[in-house]
Amino acid sequence: MRTITTFAASAAISLSAFAAQAADDVTLQLKWVTQAQFAGYYVALDKGFYEEEDLNVTIKPGGPDIAPTQVLAGGGADVTVEWMPAALAAREKGLAMVNIAQPFKSSGMMLTCRKDAGVSSTDDFPGKTLGVWFFGNEFPFLSWMSQLGIPTDGSDGGVTVLKQGFNVDPILQGQAACVSTMTYNEYWQIIDAGLTPEELQVFKYEDQGVATLEDGLYALEENLSDPAFQDKMVRFVRASMKGWKYAEANPDEAAEIVLDNDASGAQTEEHQKRMMGEIAKLTAGSNGALDPADYERTVASLLSGGSDPVISKAPEGAWTHAITDAALN
């Protein structure tokens, strides 16, 4: 009887210890659907990097009807992947989003045009119809047009902005001379549709000097004032960056992990492996800590919107190194 009692007591102690060490829940909202653009997070989940940090991470895919800023504001996520222009615009409107890490060093955004539509340089834009993504993705484009002095209202000497869906149909069907694309996704959809690189004129935002930061990690300022939440974010960022660096070094394996997590079944192996190869170029050079120079460049671009800038003044408190300093050092 004594043996049974001792065993029961030991079991109770073990269960109590397990409860005390239960993993902390973290919900991550992605900017778009499950794809290699977010491989680092899926790798961290699959490889147990989050588990090693005592985290139970739920990754919520995005989509055309999901605005990460709104999900964050509504408490549907602890942290979200968002582009800095949208985050800063939301901050100016009262949603105090803070960049806590920046896995993407470079921008993958481009404007891809058909040469047979008469576009070979930015001088050819006036009079043309250009496809532009909205829902926060339009801000870099509007800043660029403002810097070029090109109106976007369809007036003489300006461009007509076509609110582009999340596909490349307008350039394929002749509805637009140019469309918004990413180096890792939509550009290749155009190629797969039958056009050749030689038939296209590509304007990379990086080359045009108007690139803004993409795919950063953002949390709410009020939550970051809680030491327990800060600690969760430190562990989350550390595990996420471990996932990103693993994905960079093992792109094909990372793409397979993404495919395993694609509940929609819409992604293909060829596309995801190609995408991961391009994504690795954008995360290369980043250890996760935001480069202040990149931030200042983004802010300068957003402020240069003439009479209608994306933001009206330089933000304060929009980013912090506190999380990455603790996570990476």
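Strands β1 (residues 24-29) and β2 run parallel to each other, paired over 6 bridges. Keep in mind that this is a predicted model. Across that pairing, Leu28 sits opposite Ile59 in β2. Strand β2 covers residues 55-60, and its side chains alternate: Leu55, Val57 and Ile59 face one way and are buried, while Asn56, Thr58 and Lys60 face the other way and are not.

Zoom out and you find an open sheet of 5 strands, in the order β2-β1-β3-β10-β4, with mixed pairing. The edges are β2 and β4 (97-101), each of which pairs on one side only. From one strand to the next, the twist averages 35°. Over at the β4 end, β4 and β10 (residues 216-220) pair in the antiparallel sense over 4 bridges, and Asn99 stands opposite Tyr218 in β10.

Two helices that meet these strands are set out here.

| Helix | Strands it meets | Angle |
|---|---|---|
| α2 (residues 39-46) | β1, β2, β3 (79-82) and β10 | about 140° with β2 |
| α5 (residues 84-92) | β3, β4 and β10 | about 145° to β4 |

Now for the inside. What is the largest nonpolar core made of, and which residues have the most contacts inside it? It has 67 residues, and the ones with the most contacts are Tyr41, Phe125, Leu217, Phe236 and Met276. Helix α10 (residues 227-249) gives this core its largest share, 9 residues. Another core lies apart from it, with 19 residues, among them Leu88, Leu95, Tyr295 and Val310. As a rule, nonpolar side chains in soluble globular proteins tend to be buried together.

Tyr41 is worth a click in your viewer. Neighbours within four places in sequence aside, Tyr41 is in contact with Leu28, Leu30, Tyr50, Ile59, Val81, Pro103, Leu217, Phe236, Ser240 and Trp244. That list includes Leu28 and Ile59, the two residues that stand opposite each other across the β1 and β2 pairing. Leu217 and Phe236 are on it too, and both are among the residues with the most contacts inside the largest core.

Finally, the cysteines. There is 1 disulfide in the structure, joining Cys113 to Cys178 with an S to S distance of 2.1 Å. This pair links distant parts of the chain, 65 residues apart: Cys113 belongs to strand β5 (residues 109-114) and Cys178 to strand β8 (residues 178-182). Are these two cysteines, Cys113 and Cys178, buried or exposed? Both are buried. The torsion about their S-S bond is about 105°, so the disulfide is right-handed.

Key: Residues are numbered from 1 along each chain as its sequence is written. This is a predicted model: local features need pLDDT of at least 70, side-chain atom pairs count only at pLDDT 80 or more; totals for chains, interfaces and linings use all residues. Side-chain values use heavy atoms; hydrogens and water are left out. A nonpolar core is a set of buried Ala, Val, Leu, Ile, Met, Phe, Trp, Tyr and Cys residues joined through side-chain atoms within 4.5 Å. Buried means under 20% relative accessible area, exposed over 50%, partly exposed in between (1.4 Å probe, protein chains only). Contact means heavy atoms within 4.5 Å. Two strands pair if DSSP finds at least two bridges between them. Axes are lines fitted to C-alpha atoms, for helices over the stretch in contact, and angles run from 0 to 180 degrees between N-to-C directions. A disulfide is a pair of cysteine sulfur atoms within 2.5 Å.
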